[in-house]
Amino acid sequence: MKRDLISIEDLSEKHLRDYLELGRRVDDMSPEACRQILAGKILGVLFYEPSTRTRLSFEAAMLRMGGQVIGFSEALNTSVAKGESLADTIHTVEQYCDAIVIRHPREGAARLAAEVSRVPVINAGDGANQHPTQTLLDLYTLQNLFARIDGLRVSLVGDLKYSRTVHSLFHALSKFKDVRFTFVSPETLKMPEYVIEAIEGAKVDVKETTSLEEAIADSDVVYMTRIQRERFPDPIEYEKVKDTYRLDCAALRNAPEHLKVLHPLPRVNEIATEVDATRHAAYFPQAGYGMIMRQGILAHLLGAKI
Ligand code: NCD
């Protein structure tokens, strides 16, 4: 059966731990051995929304494993501009490649693509819904920083309503043992009920606050997010909340020594650049782990042995 990666909800704790192990194996490989893994394979990369890290790390992952890449990042230069349906685009691209990575502004678009495609489909973000490969790289980052995920105290900060990265991450972390959460957001950008309800039966320990400093003092990990301006139906609502949180060195005054700050990036102004040089900043190494994890994901979905 063809394998897809559409939602973190489709993965068990065992799947998540297997992916972490896969990342570790990729990390331990020599560049020469790596270049054989997907030799002769072609990845189709369809980006209907802006991206820097996700697209480039997928492309770099494919190239490092000896594969090649085709695709677009400006859908309006393609037949989409002529009115082609997503299903027809997928039926076409699957003729040319062995797997498809898709980012799309509409929730459910990746699931639809997977349903109609005969090659594996990977969701690189569908609207405000899910971003499973980001979550796998976030977990891999945590595993590398702390040598564990169980028992971590994690604050999720910023736009919890529209950030697909925290929807996926919260779901995944709830499958590990004794992870404690603090949700930090403005009142209007709280974690949606449907995301909390999706964690069937799992008992999760969640505190809510609007104070970033309070959360920092009590965390191992602070996961910052950008306020997702493009998802707001009303620009005036965005203006009201856009500068709510700014993590700077003063805000880190009472941080535990070992606290790490993560961010899927891009940042706008929610982390001051002065934080970059502190021991707390982990967001650029996090972006680096993205390529490693995506090598593991591509190898796995394409049935290659690592
Ligand atoms: C995120 C996304 O696209 O959801 N970026 C990413 O993939 N690293 C976060 C964001 O855009 O704020």
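This passage describes the two largest pockets in a predicted model of the protein, together with the residues that line them.

The largest pocket has a volume of about 580 Å³, and 30 residues form its lining, with Pro 50, Arg 103, Arg 226, Leu 265 and Pro 266 lying closest to the centre. Two or more of the lining residues come from each of the helices α3 (53-64), α6 (132-146), α7 (164-173) and α11 (283-301), and among the contributing elements it is α11 that gives the most, with 5 residues. Both domains take part in this lining, since at least three residues are drawn from domain 1 (8-130 + 290-301) and at least three from domain 2 (132-287). When the lining residues of the largest pocket are sorted by class, 10 are nonpolar, 11 are polar and 9 are charged.

The second largest pocket encloses about 430 Å³ of space. Its lining is made up of 20 residues, and those nearest the centre of this pocket are Arg 3, His 15, Tyr 19, His 300 and Leu 301. At least two lining residues are supplied by α1 (13-27), and at least two by α11, a helix that also contributes to the lining of the largest pocket. In the second largest pocket, however, the greatest contribution is that of α1, which provides 6 residues. The class composition of this second lining comprises 8 nonpolar, 4 polar and 8 charged residues.

Notes:
Residues numbered from 1 in each chain as written. Predicted model: local features only at pLDDT ≥ 70, side-chain atom pairs only at ≥ 80, totals over all residues. Heavy atoms only, no water. 1 Å grid on protein atoms, 1.4 Å probe; cavity = no way out; pocket = protein on both sides within 12 Å on 5 of 7 lines; lining within 4 Å. Points joined across faces, edges and corners; volume = space filled by probe spheres on them. Helix = DSSP H or I, 4+ residues; strand = E, 2+ residues; numbered from the N terminus. Nonpolar A, V, L, I, M, F, W, Y, C, P; charged D, E, K, R; others polar. Domains from an automatic or database assignment.
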